[in-house]
Amino acid sequence: MVTITLMGQLQTADGERDFACPLPEPMTVRQLIQRQGQALRPVLQLLREKKVLVTVNKRIASEDTKVQDGDAIKLVAHDGMGGTGLAPSF
């Protein structure tokens, strides 16, 4: 099991910020987010646009970082100018 936490103004349309995700095998952050389906689909677009900072276990990471059971992933939106670049929810 890994945890994904959406930080700052990132949240789902339902206001969710924390996800516990089963992890059958090591995979990248991007693959893990894709497996979560519709709830995190907007995060994938933000990753492609390089508008999300990724940490894994409190270390700066990327969407290509491999994660494994027990890891903690945090995602923070940014616009490269010090702001979030986002509305309160997506």
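This passage describes the strand pairing, the nonpolar core and the surroundings of one buried aspartate in a predicted model.

Strand β4 (52-56) takes part in two pairings. With β7 it runs antiparallel, and 5 bridges join the two strands; within this pairing, valine 52 stands opposite alanine 77 and leucine 53 stands opposite valine 76. With β5 (residues 59-61), β4 again pairs in the antiparallel sense, here over 3 bridges, and valine 56 of β4 faces arginine 59 as its opposite residue in β5. The hairpin formed by β4 and β5 has 2 residues between the strands, and asparagine 57 in this hairpin adopts a positive phi near 55 degrees. Strand β7 (72-77) is also paired with β1, in the parallel sense and over 5 bridges, with isoleucine 73 of β7 serving as the bridge partner of isoleucine 4.

In a regular strand the side chains alternate between the two faces of the sheet. In β4, Val52, Val54 and Val56 point to one face and are buried, whereas Leu53 and Thr55 point to the other face and are not buried. In β7, Ile73, Leu75 and Ala77 make up a covered face, while Ala72, Lys74 and Val76 make up an uncovered one.

The largest nonpolar core comprises 23 residues, of which Ile4, Leu6, Leu32, Ile33, Val54, Ile73 and Leu75 touch the most other members. At least two residues of this core are supplied by each of β1 (2-7), β2 (18-21), α1 (29-35), α2 (41-48), β4 and β7, and the greatest contribution, 4 residues, is that of α2. Isoleucine 73, on the covered face of β7, is in contact with Thr3, Ile4, Thr5, Val29, Leu32, Val54, Thr55, Val56 and Val67, when neighbours within four places in sequence are left aside.

Aspartate 71 is located in the loop between β6 (66-67) and β7. This residue is buried but has no salt bridge, and the nearest side chain of opposite charge, that of arginine 59, is 10 Å away, a separation that lies beyond the limit of 4 Å between a side-chain nitrogen of Lys or Arg and a carboxyl oxygen of Asp or Glu. A polar atom of the aspartate 71 side chain does, however, lie 2.8 Å from the backbone nitrogen of glutamine 68. When residues up to four places away in sequence are not counted, aspartate 71 touches Met1, Val2, Thr3, Val56, Asn57 and Lys66; among them, Val56 is one of the buried residues of β4 and Asn57 is the hairpin residue with positive phi.

Key: Residues numbered from 1 in each chain as written. Predicted model: local features only at pLDDT ≥ 70, side-chain atom pairs only at ≥ 80, totals over all residues. Heavy atoms only, no water. Core = buried A, V, L, I, M, F, W, Y, C linked by side-chain atoms within 4.5 Å. Buried < 20%, exposed > 50% of the residue type's maximum accessible area, 1.4 Å probe, protein only. Contact = heavy atoms within 4.5 Å. Lys, Arg positive; Asp, Glu negative; His and termini not counted. Polar contact = N/O pair within 3.5 Å; in protein donor to acceptor, adjacent residues only side chain to side chain. Pairing = 2+ DSSP bridges.
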